[in-house]
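Work through the exercises below with the model open. Each task is followed by its solution.

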Amino acid sequence: MEVFLIRLLQFILSISLLVLLHEAGHFFFARLFKVRVSRFYLFFNPKFHIVSTYDKWVRRLFHMKPEVVPEKTVKDKEGNERKAKEYVGTEYGIGWLPLGGYCAIDGMVDETNQHLDDDPKPWEFRTKPAWQRLLIMIGGVLVNFLLALFIYSMVLYHWGDSYIQTRDMTMGMKFNEEAKALGFKDGDILLGTDKKTFTKFDVDLYRSLTDATRVDIIRDGKQMSVPIREELNLLNMIKTQPTFVAPLVPADIDSVMPGSPAASIGLQKGDKILAVNGKSVDSWNEFTYEIGRLNDVLSAKKSSADSMALRQATVAVLHKATGITDTAKVTLTPELKLGVGQSSIYDYYKETHLEYGFFESFPAGIKYGVGVLRGYVDDMKYVFTADGAKSLGGFGAIGSLFPAEWDWMMFWRMTAFLSIILAFMNILPIPALDGGHVLFLLWEMITGHKPSDKFMVWAEYIGIGLLLLLMVVANLNDILRWIGVM
């Protein structure tokens, strides 16, 4: 429960910051061009809100006064018309539904204001030149993208960048059967492809493999190449268990939990696991795979007796203290846990750490952020496949990306990543998103013909419908994964 709350708090804090600044981007350009913004809300507020600047106690607390705009025409008791000061201003507030936020711009067809029956007013969005409306619409995306670059720069400035170069993974890597069929062998060290030299082991390495016709490796101390004669699929490479390739981490026990199955058979820190159920393992990679296979069998069993029998495992261990190999039977936990902490990749390989000065951090952060965006855009092609649709995740999947313990560096990295995703998703040419409005504005600027308000309203309805459908599918995937169906 504690892990869930920590991740939930990080998720809410990150999304709140991103939504607030995204809407502030729209707000900034709207006010710059003297367009009235009637409401500015963090989270949605159907029917009611948590707090609003129209609440009297808020105005008294902050000594706030509404704007005065002399635009309203009224009649006195004798029926004579006169100009009166109309008190209008931006209502700032916090809604109760944490699914985003909004900036209600007067005179704009969107989810907050779709009925424009009155004559256009000079302070309305629809009366402004197309180039001003374009800047107002891309303001949120622009802020999110610049924010991501700034966060990445500050992370590099404060914490630097630490990683293990693939060349320094001297024990090599583990490959699955698909990779071995292409010519790779366990223990190979990946150096790069015909297009790129590898530095760190991350998702970019997988992306590079999908585009490669040749992979350079070190095998048994000699540099050589493995030709790639077929197209590789990124999703399959990552989702298949075991994965296409992973750094080899020896199965050395780092810690033993008190009262765990491991403690019951006398395992200690420094012992090495050699086999599970008669299957030889030389790394945590293989240990995890064997436990995964056992879990697949266990999931198909109905009775508790069958489940208990499958939880009985035989573990062969080399004891560090005595140098003796021992084989013992142990009953794993219901989650098939042995109760040991695994050694880290950093225990075996030399770590590279880069420091950045304040001004050095900006070009490095921009390069890193642009690389993240390029990779994310490139991966979008998989969304339109069956496996890609299944890989979509909702709020649960996003929240699980945050660390189980509060880590400010990981928090800010995740926030920057989500900011890039938010920027890219919003600029897609889908009605109801910023990109949909941008598309219609570009059409107007090129052709000189502005889409009718009726067309914009219907486009908005269709866009909202598509977004709701996408949200349902993504969050349904989360539920199906949680109950073990996917």
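**Exercise 1.** Sort the residues that line the second largest pocket by chemical class, then locate them.

Solution. The lining divides into 11 charged, eight polar and six nonpolar residues. Here Ala, Val, Leu, Ile, Met, Phe, Trp, Tyr, Cys and Pro count as nonpolar, Asp, Glu, Lys and Arg as charged, and the others, Gly among them, as polar. A pocket is an open set of points on a 1 Å grid over the protein atoms alone where a 1.4 Å probe fits, with protein on both sides within 12 Å along at least five of seven lines; lining residues have an atom within 4 Å of a point. The model is predicted: local features need pLDDT of at least 70 and side-chain atom pairs pLDDT 80 or more, whereas totals for chains, interfaces and linings use all residues. Residues are numbered from 1 along each chain as its sequence is written, and side-chain values use heavy atoms, without hydrogens and water.

Next, find the source of the lining. α8 (284-299) is one of the elements that supply at least two residues, and with nine residues α8 gives the most. Helices (H or I, at least four residues) and strands (E, at least two) are DSSP runs, numbered from the N terminus.

**Exercise 2.** Which strands stand at the edges of the open sheet β13-β12-β14-β15?

Solution. The four strands pair antiparallel in that order; pairing takes at least two DSSP bridges. β13 and β15 (325-331) are the edges, because each has a single partner strand. Further in, four bridges join β12 (272-276) to β14 (312-318); Lys272 has Leu318 as its bridge partner in β14.
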